[in-house]
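Student: Before we discuss this entry, please show me the sequence and the structure.

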Amino acid sequence: MVPEKDTIPQADHLTVLFASQTGNAESISRNIHEQAEERGFKSAHFALNDFAKIEWEKEECLVFVVSTTGDGDPPDNSTKFWRHLRKLKGGAGLTKAKIAILGLGDTNYDNFCQTAKRLDTRLQELGATPFYARGLADDAIGLEETVDPWIKGLWPALAHQVMCAPAIHDLPQPHLTPEEKKVVKAIIEKQDHDHKDHQSAPPSPQKLSATVSVIKESDAADVLVKGVDSLSVSATTGPTASAGATAKISVTPATGYKINVDFSSMANHSNLTALPRVPNSNLKVTNIDSTATPNATAPETGPIPSFIQTPSPVLLAKINSVQCLTPGDAIKRTLLVEFGFEDDVHYAPGDSFGIWAPNDEALVRGVLAELGMKQEDLNKQVKLEGDGIPSHLQPVQSATLLDIFRYSVDLNTLPKRANVRLYADHATDLAEKQQLMFMASKQGTDVFNAFRAQGPTFLDILHTFPSVRIPVARVIETLPPLQPRYYSITNSPMARNGHRRWSCAFNVVTYESPEGVHRRGVCTPWLDELTGKVPFGKAVTNGLSMDRLALFLKPNETKFNLPADTTKPVIMIGPGTGVAPFMGFLEHRWEQRKIKKRLVNIGTAPRQHLDEMFGEMWLFFGCRHREKDWLFMDMMKEYMKEGVLTELQLAISREESVPNNSKYVQDLIKKEGKRVWDLLDKKGAMIYVCGDAKGMAKGVHDELVNVLVEHGGYEQMAAMMELNKWAQEKRYLRDLWA
Ligand SMILES: Cc1cc2nc3c(=O)[nH]c(=O)nc-3n(C[C@H](O)[C@H](O)[C@H](O)COP(=O)(O)O)c2cc1C
């Protein structure tokens with residue numbers, strides 16, 4: 001019997017959902033969505049925060065591609081969905097859902113692929129059933145290692161779902177390669193056989209994933225779509241000049257570096273396999289303005305273009321002061337920058353804020369020149385259109401190409417194999433085409449890795465393969481989105497004028513690669529140049545740029561803030577610029593103490609010793625050389641003198657006189673283990689860790705486990721679980737960065 005139309009399970013319908021912070025999960029999920037459509041599925045593609053657009057009770061197959069960010073946190077474009085998931089009760093409309101989850105993460109972080117794991121658990125609690133084994137891809141070894149075989153295995157698993165769903169035999173069947181058909185047939189035959197023999201359940205996701213691995217590598221490249229790119233110039237006039245288009249200083253376009261790698265191994269491989277699929281061409285860039293502003297050259301440092309979507313409202317700020325905290329011979333150049341607002345802003349010590357810095361102007365102009373754009377085209381207003389274009393491009397209704405390349409595409413990102421494959425399609429020189437194809441293939445993995453190890457910008461790639469003529473629309477839609485940069489606030493709203501200013505401390509990221517190439521980050525060198533590259537010494541307040549910058553408060557999901565109960569002791573662990581939020585904590589506590597002291601003195605608060613009203617504050621700080629990069633040394637000493645900071649433990653990593661057991665903050669936690677345990681056990685201290693997620697945070701975490709084992713009498717596993725519990729209770733808080 002054919003079910004009524006409304007009740008037909010939509011087994012040939014597929015919804016591909018993503019949660020992505022820096023664009024990987026978004027582009028991988030788009031790839032899956034596009035391949036699904038080519039294979040005959042009716043596929044839809046959404047960010048998890050758009051969950052309201054999905055008819056959950058009707059969806060049969062849902063594919064999730066989710067990354068993990070921060071300290072095991074879900075990406076920003078999925079937080080609304082998580083709040084929604086938390087509220088749902090078991091069996092809440094998900095019982096029909098068949099799910100497949102691909103997680104992206106990095107094993108250098110403690111909570112590897114936490115979002116995918118949590119999502120899997122929660123969806124199954126709510127009644128969803130996996131139809132295909134979960135994949136967890138590791139950025140540390142290369143996402144492709146897992147992503148490519150996972151996607152390859154997805155099609156037979158999906159087809160199996162469709163073919164086995166009895167109600168939908170009349171619906172069109174998805175297209176499979178002959179190999180995939182064989183696999184599905186084998187699964188169905190095996191299932192029939194098992195069923196006859198044992199009356200057993202359908203194959204488990206694990207079995208499916210094991211079976212699909214028989215598909216040959218070379219089949220991955222079976223569906224290739226050559227996109228037609230367009231920069232159509234159907235001009236209409238429009239007077240608007242975008243945010244970044246006003247002329248100030250002239251900038252010479254950068255030329256790019258030629259990346260040298262050895263392609264000699266290419267001769268040994270005549271057959272290339274596992275070539276990634278080229279992303280579909282969806283984007284159309286249409287010129288909507290014929291009134292060019294030919295002499296406009298450099299970006300305004302003022303407000304960011306209106307098409308940029310920030311996670312909280314933009315706040316305009318000017319730079320009040322800048323101070324270089326490290327002398328010229330220090331390994332890193334560290335700046336303390338204070339931003340000022342005209343109106344009060346609300347924040348708490350420990351909060352962070354975002355800055356949307358533009359790409360380096362010379363790099364932007366170099367790329368546009370290399371793409372064949374004429375100077376007079378750069379300031380024309382264009383609009384970006386097309387079905388299925390990346391979410392960050394959808395709001396671009398009217399902008400200049402200059403602004404799109406300044407603010408919307410990441411020009412420093414390392415190339416992915418799918419992009420290299422795309423560039424091969426657009427190379428006109430045969431030798432270059434072959435080299436690019438080789439790097440995109442499985443056989444060229446070593447060469448590809450050697451190429452990436454030199455940190456090429458997009459301009460370097462164009463410079464290395466000069467015959468690549470890639471349309472600008474293809475570049476815009478295939479490069480990942482440029483991300484804002486986040487900094488911890490180092491001051492307190494309780495300090496004088498504290499509600500009208502935010503300070504932050506950061507290392508200026510510029511370095512020379514082993515090949516002698518000058519490399520730079522996006523935001524910190526930009527801020528350094530904007531503030532005039534001040535020398536080491538006192539804060540500079542004069543002669544600073546008068547432009548307004550666009551800042552925004554970062555939604556503080558982790559609640560990395562001081563406890564409301566001021567008597568609770570806090571243990572702060574933050575080497576290098578990881579100390580930034582703790583300077584805000586200390587200033588805040590100092591102000592709280594001053595107020596309490598005044599109230600006691602005038603008799604409005606009970607006479608009590610200040611140390612009874614405020615818990616101990618311990619700081620574990622680390623630097624390389626006491627004289628060169630002990631950041632905020634004077635302030636730390638002052639806070640010690642005032643009794644605000646009750647314990648300062650200093651680790652110094654590059655001074656010979658310092659013994660090995662005091663080089664890193666984790667060494668000092670070990671040394672002070674007994675006292676740390678007492679503070680945790682007897683006084684319920686909070687633990688805060690801020691800084692590098694890979695080396696430091698892991699080392700500190702392991703040492704905290706040891707403290708619980710050695711001094712608290714825990715078994716290793718129990719100690720780990722206790723720390724996890726503290727993390728969930730927000731007693732052990734971490735603010736980490738890559
Ligand atoms: C600031 C930052 C924090 C991260 N934190 C984690 C983490 O806690 N666990 C993990 O497995 N991966 C972590 N990663 C790795 C990302 O999940 C991985 O690079 C992924 O490919 C990013 O995908 P996306 O671009 O879709 O966000 C982190 C990456 C960054 C840049």
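The turns below set values against their definitions.

Tutor: This is a predicted model, in which local features need pLDDT of at least 70, side-chain atom pairs count only at pLDDT 80 or more, and totals for chains, interfaces and linings use all residues. Residues are numbered from 1 along each chain as its sequence is written.

Student: What is the mean pLDDT of the protein chain?
Tutor: The mean is 85, and 84% of the residues reach 70 or more; pLDDT is the predictor's confidence in each residue, from 0 to 100. Over residues 165-174 the pLDDT stays under 50, and the model has 24 contacts for them beyond four places in sequence. Residues 294-301 also lie below 50, with 30 contacts in the model beyond near neighbours in sequence.

Student: Why is a pair of residues called a contact?
Tutor: Because their C-beta atoms, placed from the backbone, lie within 7 Å. Among contacts in the protein chain between residues at least 6 apart in sequence, 81% join residues at least 24 apart.

Student: What makes a residue buried?
Tutor: Having 20 or more other C-beta atoms within 10 Å of its own, with C-beta atoms placed from the backbone. Of the 738 residues of the protein chain, 45% count as buried.

Student: Which residues are closest to the ligand?
Tutor: Ser20, Thr22, Ala25, Ser67 and Gly105 are the closest of the 26 that surround the ligand. A residue is near a molecule if its C-beta atom, placed from the backbone, lies within 6 Å of it, so residues that meet this cut-off count as near.

Terms used: Contact = placed C-beta atoms within 7 Å. Buried ≥ 20, exposed ≤ 12 C-beta atoms within 10 Å, placed from the backbone.
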